[in-house]
Amino acid sequence: MARTLILGSSSPYRRELMERLHLDFETFKPEIDEQALPGESPQALVQRLAEAKAKKVSFAMSNATEALIIGSDQVAVCNGEILGKPHTKERAITQLLSFVGRKVTFYTGLSLYDAAENTAQTVCEPFYVTFRTDLTEAEITRYVELEQPLNCAGSFKSEGLGTALFAELSGKDPNSLIGLPTIKLLELLRNVGVNPLA
């Protein structure tokens, strides 16, 4: 019998990535405190939050006690500082201006929680974005007006016009930039016997 698969996220971008994998799944948005702990590294933060989200789903949904639950969390880091979501147009523009010519690292925590076994496979996938050195304030302002990336870590969406801001991308899986590293997710799913190609 196929296991219930639940994506612990309300992100339309993560949902779209899951749909591309030809997997049957449900979605549920877990509400958790996303504040970093004192001295917590970005990598440790996203892994802790990804696993906490997955576990929260198992307690919040009545049909999740035997499910496989996917949790994910992401932060952007520039010059050692964790970048939050801007929430306003002005903050987004300021944040993006500070990235001109710089490299921003995105850390995506991914957790596959097996509710039946009470075990989790949890990893952190980095991805690196270098911003254009010739990026202008006018371009950034226009980008923010068009894309409205106010609830996105780092103030941009790579799945839209965000790529117009970049000089270079590097990492194992470009989907991690969108918030769900599917190469690693499929590996974790194969570890528990779930394979869309089987």
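Which residues are buried in helix H1 (residues 12-20)?

## Helix H1 and its buried face

Keep in mind as you look around that this is a predicted model. The buried residues of H1 are Arg14, Leu17 and Met18. Looking down the helix axis, you'd find these buried residues within an arc of 100°, so they line one face of H1. The general helix pattern helps here: with 3.6 residues a turn in an α-helix, residues three or four places apart point the same way.

So what do the buried residues of H1 pack against? There are two strands, S1 (5-7) and S3 (68-78), plus two helices, H5 (175-178) and H6 (182-191).

## The two ends of H1

Have a look at where H1 starts. Serine 11 has a side-chain oxygen that comes to within 3.2 Å of the backbone nitrogen of tyrosine 13.

Now go to the other end. Just after H1 sits histidine 22, with a positive phi of about 60°.

## Helix H6

H6 was one of the elements packed against the buried residues of H1, and H6 has buried residues of its own: Thr182, Lys184, Leu185, Leu186, Leu188 and Leu189. Among the elements covering them are the helices H1 and H5, along with strands S1, S3, S5 (103-114) and S6 (119-131).

After H6 comes glycine 193, and its phi is positive too, near 85°.

## The largest pocket

Next, some open space. The largest pocket holds about 1,100 Å³. It is lined by 37 residues, and the closest to its centre are Arg14, Glu34, Lys53, Lys85 and Asn151. You've met Arg14 already, as one of the buried residues of H1.

Which elements give two or more residues to the lining of this pocket? They are H1, helix H2 (42-60), S3, strand S4 (81-83) and H5.

## Cysteines without disulfides

How many disulfides does a search of the whole structure find? The count is zero. Take cysteine 78: the closest cysteine sulfur to its own belongs to cysteine 124, and at 17 Å that is too far for a bond. For comparison, a disulfide needs the two sulfur atoms within 2.5 Å.

Cysteine 152 tells a similar story. Its closest cysteine sulfur is the one in cysteine 78, 17 Å away, so that pair is too far apart for a bond as well. Buried or exposed, then, for cysteine 78? Cysteine 78 counts as buried because its relative accessibility is 6%, and cysteine 152, at 16%, counts as buried too. The cut-off behind both calls is under 20% relative accessible area.

Definitions and conventions: Residues are numbered from 1 along each chain as its sequence is written. This is a predicted model: local features need pLDDT of at least 70, side-chain atom pairs count only at pLDDT 80 or more; totals for chains, interfaces and linings use all residues. Side-chain values use heavy atoms; hydrogens and water are left out. Buried means under 20% relative accessible area, exposed over 50%, partly exposed in between (1.4 Å probe, protein chains only). Helices (H or I, at least four residues) and strands (E, at least two) are DSSP runs, numbered from the N terminus. The arc is that of the directions from the helix axis to the C-beta atoms. Contact means heavy atoms within 4.5 Å. A polar contact is a pair of N or O atoms within 3.5 Å; within protein, one must be able to donate a hydrogen and the other to accept it, and residues adjacent in sequence count only if both atoms are side-chain atoms. On a 1 Å grid over the protein atoms alone, a cavity is a set of points where a 1.4 Å probe fits but cannot get out, and a pocket is an open set with protein on both sides within 12 Å along at least five of seven lines; lining residues have an atom within 4 Å of a point. Grid points are joined across faces, edges and corners, and a volume is the space filled by probe spheres set on the points.
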